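Open the model in your viewer and keep the selection panel at hand. The tour below goes from one selection to the next.

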Amino acid sequence: DGYYYSKLNGNRSKKYYVASSGDSIKVYPADIAKQNADTIKSITVLFPPNKKPLNFQQYKFRALGLDLTVISIVVKYRPAVKNFPAQLNNTLNGAIYAGYRTDNYFLKYENTPLHVANRKITHHGYSIGGFAGLGSVHIDEYVTLNRINYEYDGAVITSGIAAEFGFNKINFGLVLGLDFLADENRHVWVNEEKPWVGLNIGLKLN
């Protein structure tokens, strides 16, 4: 349930309020709260689970809004820097992503081998925004070009921009970010404030 854009009447996309039930979907004018409920003419889309209505067509509903997601960057690619080779990193991290998101929902039926029409809702979404969070990175003599003689797992503050994509219940994204080592060795770490690209997975909060 919520506000969506759709082309239910003609070719122009309009904003509606959608309320779903088991076998049907009712579509109301977007300004439903300002109108007398007794005079509202809603559009009813019949959507039973195992029988396709005769006048059914594929429907598309588009939702726009803020995207808040908890993300984890599963892999980072760091280009070569200061004679140090390129790296692929997979370390513990987490961040909050915020962006402007578009979600598209398609209502349709698919025929089974037994000629039974099963209703199906497919979804894909995308957004662009920024993220910030915390992570870890391995620090040793190699990534500091022999300026220290010990090793440890350092904490980093990570931030950047991301493009998020969603297919049904799966969310992933492509990210471009920077890491800032949160201790006194940040001035000798070869990757300090150097850009990297990565792949993330996410869980929507809203």
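This is a predicted model. Start with the largest nonpolar core, which has 15 residues. Select Ile 25, Val 27, Phe 56, Tyr 59, Phe 61 and Leu 107, the members with the most contacts inside this core. Now colour strands S2 (14-20), S3 (24-29), S5 (59-78) and S7 (93-111): each of them supplies at least two residues of the core. The largest share, three residues, comes from S5.

Stay in this core and centre on Ile 25. Leaving aside neighbours within four places in sequence, Ile 25 is in contact with Val 18, Ala 19 and Ser 20, with Ile 43, Thr 44, Val 45 and Phe 47, and with Leu 107. Apart from this core lies another, of ten residues; to find it, select Val 81, Val 156, Leu 181 and Val 190, which are among its members.

Next, go to the largest pocket, with a volume of about 270 Å³. Its lining can be selected in two steps. Take Ala 63, Leu 64, Gly 65, Leu 66, Arg 101, Asp 103 and Tyr 105, then add His 123, Asn 168, Asn 171, Lys 204 and Asn 206. Which strand gives the most to the lining of this pocket? S5 does, with four residues. S5 and S7 each supply at least two residues of the lining. Coloured by class, the lining shows four nonpolar, five polar and three charged residues.

Asn 168, one of the lining residues, leads to the next stop. In the hairpin of S9 and S10, which has two residues between the strands, Asn 168 takes a positive phi near 55°. Show the backbone here: S9 and S10 pair in the antiparallel sense over twelve bridges. To see one position in this pairing, select Ala 163, which stands opposite Leu 174 in S10.

Then turn to the pairing of S9 with S8. Strand S8 (residues 117-139) and strand S9 (residues 152-167) run antiparallel and are joined by 16 bridges. Select Gly 125 and look across to S9, where its bridge partner is Gly 166.

The last stop is Val 188, in the loop between strand S10 (170-181) and strand S11 (196-204). What does Val 188 contact, leaving aside its neighbours within four places in sequence? Select Val 143, Thr 144 and Arg 147, the residues in contact with Val 188 on that basis. Finally, draw a distance between the C-alpha atoms of Val 188 and Asn 146: these residues are 42 residues apart along the chain, and the two atoms are separated by 9.2 Å.

How values were computed. Residues numbered from 1 in each chain as written. Predicted model: local features only at pLDDT ≥ 70, side-chain atom pairs only at ≥ 80, totals over all residues. Heavy atoms only, no water. Contact = heavy atoms within 4.5 Å. Core = buried A, V, L, I, M, F, W, Y, C linked by side-chain atoms within 4.5 Å. Buried < 20%, exposed > 50% of the residue type's maximum accessible area, 1.4 Å probe, protein only. 1 Å grid on protein atoms, 1.4 Å probe; cavity = no way out; pocket = protein on both sides within 12 Å on 5 of 7 lines; lining within 4 Å. Points joined across faces, edges and corners; volume = space filled by probe spheres on them. Nonpolar A, V, L, I, M, F, W, Y, C, P; charged D, E, K, R; others polar. Pairing = 2+ DSSP bridges.
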